[in-house]
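Thanks for coming, everyone. I'll keep this brisk. Please have the sequence and the model open while I talk.

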Amino acid sequence: ENVDLQKTAFLLRKAWTLYSVTPLYRFRRARLRDYARLLSAFIAAEKQKGLAVEVGVELDIKVAMSSLPDLRGTEQDQAAILVQLSSRSRASSRNSEDKLLWSGWFCSVYGDDFSENVPESFTCLPLFLTHGAESYTAMVGSWFQKTFDCSFRRLAISPLNLSWMVAMWAGCKLDRAASAVELIFSVPHLPQSLDISYAIHPEDAKALWDTVQKTPGEITQEEVDVFMDCLYSHFYRHFKIHLSAAKLVKVSTVVASAHCDGIIKILHSQYLSGVLMLLTELAISQIQ
Amino acid sequence: HIATSLPLPSERDHLRPRIDLIVFMIDIKSKYSLKNVEASLAYVDASFFLGKVCFLVTGVGRLNSCSVETNAICKLGEAYCSPVIFCELELEGIRVATAQRLLRILQICAGHIPGVSALSFVSLMRNSDDD
């Protein structure tokens, strides 16, 4: 858990779109500079083809790729790889800073079970997180696919997994004041879509989880079910609505928030490793 | 006959024909449907569990919207010695095939197929457990 807070500050409080990635073939960490140059050329070529992001704005896209050795679970995990696209507008003055347009990073946190069974020439970094325009994600993704013969898939998070997340994170002990635990449900089969937001005081949520969890550090499906059932019956008692018949689409706690479309926001560095470990697991099960 | 839960209203008992098969439908997207089925099971006479009950799990095409653990449903099937059928109603092919399966099961339960009775389902299930 000795993650350098400075280096991981870029992760926090940003909405990251999640993907699962199959292992990369013949990826050489020593060649990151070369890869950055190749990706830069690829993006320039795509723009020439007319697949430009913004019309009328001349942008030089600079690509930077770096290794993040602290962002991993065990020594068996590959260190994370960060890809950043920045621009310097040709029209601006010499003192203008590069503007960060897009970032994406590959990581694996406690993904040993998966990487163990993969041949030597493959690099396992099953979780890919992006922030920025979808068009850049598509370009970066297709370059990686062409170069390393891997494939990307959006990582969806089912209501079952979201309830695991809210149970785990609501139970986290935090030093500073916590924000409300919020669950958002979407109600199906209505002519106009309806969203129900259920906010719980963080102390109450933690107290509930503490009575449910039997062994600290371990969580079972039964415990998650009991936790959710308590929340559902409390809601039913007050509003006569069965939330268990609705679809849980988003959960938000002081630790992190997650959306079923595969979007995550990590708000606190304290449990970064735990959050990434869970996401790595989801990515691996989507690949297998 | 379709009901949202059991027990059936007693007022119509004398008008109701014999019940040959009970299909409990569980929507994998709704935890509530599982709870409803679990509660309704308590109102079923024990004799039905000799092959005249089956569980139909719908919505399996959309695992990304899964709110129910499939393990829990399989355990339910084992506990009540009844088969669990998974299907996706949104796909016409599967919908038709599932309907045909259920019809076949119903024919057997109603005694329309000579030589095969509902009890065959129970023994089929026990055999796969012994493997």
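**Around A:S257**

Let me start with one residue. Setting aside neighbours up to four places away in sequence, A:S257 contacts A:W169, A:K250, A:V251, A:S252, A:I263, A:I264, A:K265 and A:L267. Before going on, a reminder: this is a predicted model. Where does A:S257 sit? It belongs to strand 12 of chain A, residues 256-259. Buried or exposed? A:S257 has a relative accessible area of 8%, and the cut-off for buried is under 20%, so A:S257 is buried.

Now follow one of those contacts. A:I264 touches A:S257 and A:A258. Its other contacts beyond four places in sequence include A:K14, A:A15, A:W16 and A:L18. A:W169, A:V275 and A:L279 are also among them.

**The cores**

A:I264 takes us to the largest nonpolar core. That core has 59 residues. Which residues have the most contacts inside it? They are A:W105, A:M165, A:L183 and A:I264. Helix 8 of chain A, residues 272-287, gives the largest share, with seven residues. Why does this core lie between domain 1 and domain 2 of chain A? Because both domains, 5-154 and 159-260, give residues to it.

There is also a second core, separate from that one. It holds 29 residues, including A:I61, A:W102, A:Y136 and A:C150.

A word on the domains themselves. Chain A is divided into domain 1, residues 5-154, and domain 2, residues 159-260. Taken over C-alpha atoms, their centres are 33 Å apart.

**A:L160 and chain B**

Next, A:L160. This residue is in helix 5 of chain A, residues 159-170. A:L160 has 15% relative accessibility and counts as buried. What does A:L160 touch, outside its neighbours up to four places away? In chain A, the contact is A:Q221. In chain B, the contacts are B:C66, B:S67, B:V68 and B:E69. One distance to check on your screens: the C-alpha atoms of A:L160 and A:V224 are separated by 9.4 Å. Those two residues are 64 residues apart along the chain.

**Salt bridges**

On to charges. Side chains of opposite charge can pair when their charged atoms come close. How many salt bridges does a search of the whole structure find? The count is 10, over all chains. I'll take three.

The first pair is A:D210 and A:K206, at 3.2 Å, N to O. These residues are four apart in helix 6 of chain A, residues 202-212, so about one helical turn separates them. Both are partly exposed: A:D210 has a relative accessible area of 41%, and A:K206 has 23%.

The next pair crosses between chains. B:K31 and A:D229 meet in a salt bridge at 3.9 Å, N to O. B:K31 comes from helix 1 of chain B, residues 31-41, and A:D229 from helix 7 of chain A, residues 221-239. B:K31 counts as buried, at 10% relative accessibility. A:D229 counts as partly exposed, at 23%.

The last pair is in chain B. The side chains of B:D27 and B:K29 form a salt bridge at 3.4 Å, N to O. B:D27 is partly exposed at 23% relative accessibility, and B:K29 is partly exposed at 24%. Shared partners also build a network of salt bridges: A:D225, A:D229, B:K31 and B:K35 are joined into one.

**A surface patch**

Staying with chain B, look at the surface. Which residues form a nonpolar patch there? B:V23, B:M25 and B:L89 do, with about 220 Å² of accessible area together. B:M25 is in strand 1 of chain B, residues 22-27. At 47% relative accessibility, B:M25 counts as partly exposed.

**Backbone points**

Finally, the backbone. Most residues other than glycine have a negative phi, and most peptide bonds are trans. Here are some cases that go the other way.

A:R26 is not a glycine, yet its phi is positive, about 55°. A:R26 sits in the loop between strand 2 (24-25) and helix 2 (32-48) of chain A. A:Y110 is not a glycine either, and its phi is positive at about 60°. Its loop runs between strand 5 (99-107) and helix 3 (112-116) of chain A. A:Y110 is partly exposed, at 42% relative accessibility.

And which residues does a cis peptide bond join? B:L6 and B:P7, with omega about 5°. B:P7 lies in the segment before strand 1 of chain B.

That's my tour. Over to you.

Definitions and conventions. Residues numbered from 1 in each chain as written. Chains lettered and ligands numbered in written order. Predicted model: local features only at pLDDT ≥ 70, side-chain atom pairs only at ≥ 80, totals over all residues. Heavy atoms only, no water. Domains from an automatic or database assignment. Patch = residues over 30% accessible without salt bridge, like charges linked within 9 Å, V, L, I, M, F, W, Y side chains within 5 Å. Areas by Shrake-Rupley, 256 points an atom, 1.4 Å probe, with all protein chains shown as cover. Salt bridge = Lys/Arg side-chain N within 4 Å of Asp/Glu carboxyl O. Helix = DSSP H or I, 4+ residues; strand = E, 2+ residues; numbered from the N terminus. Buried < 20%, exposed > 50% of the residue type's maximum accessible area, 1.4 Å probe, protein only. Core = buried A, V, L, I, M, F, W, Y, C linked by side-chain atoms within 4.5 Å. Contact = heavy atoms within 4.5 Å.
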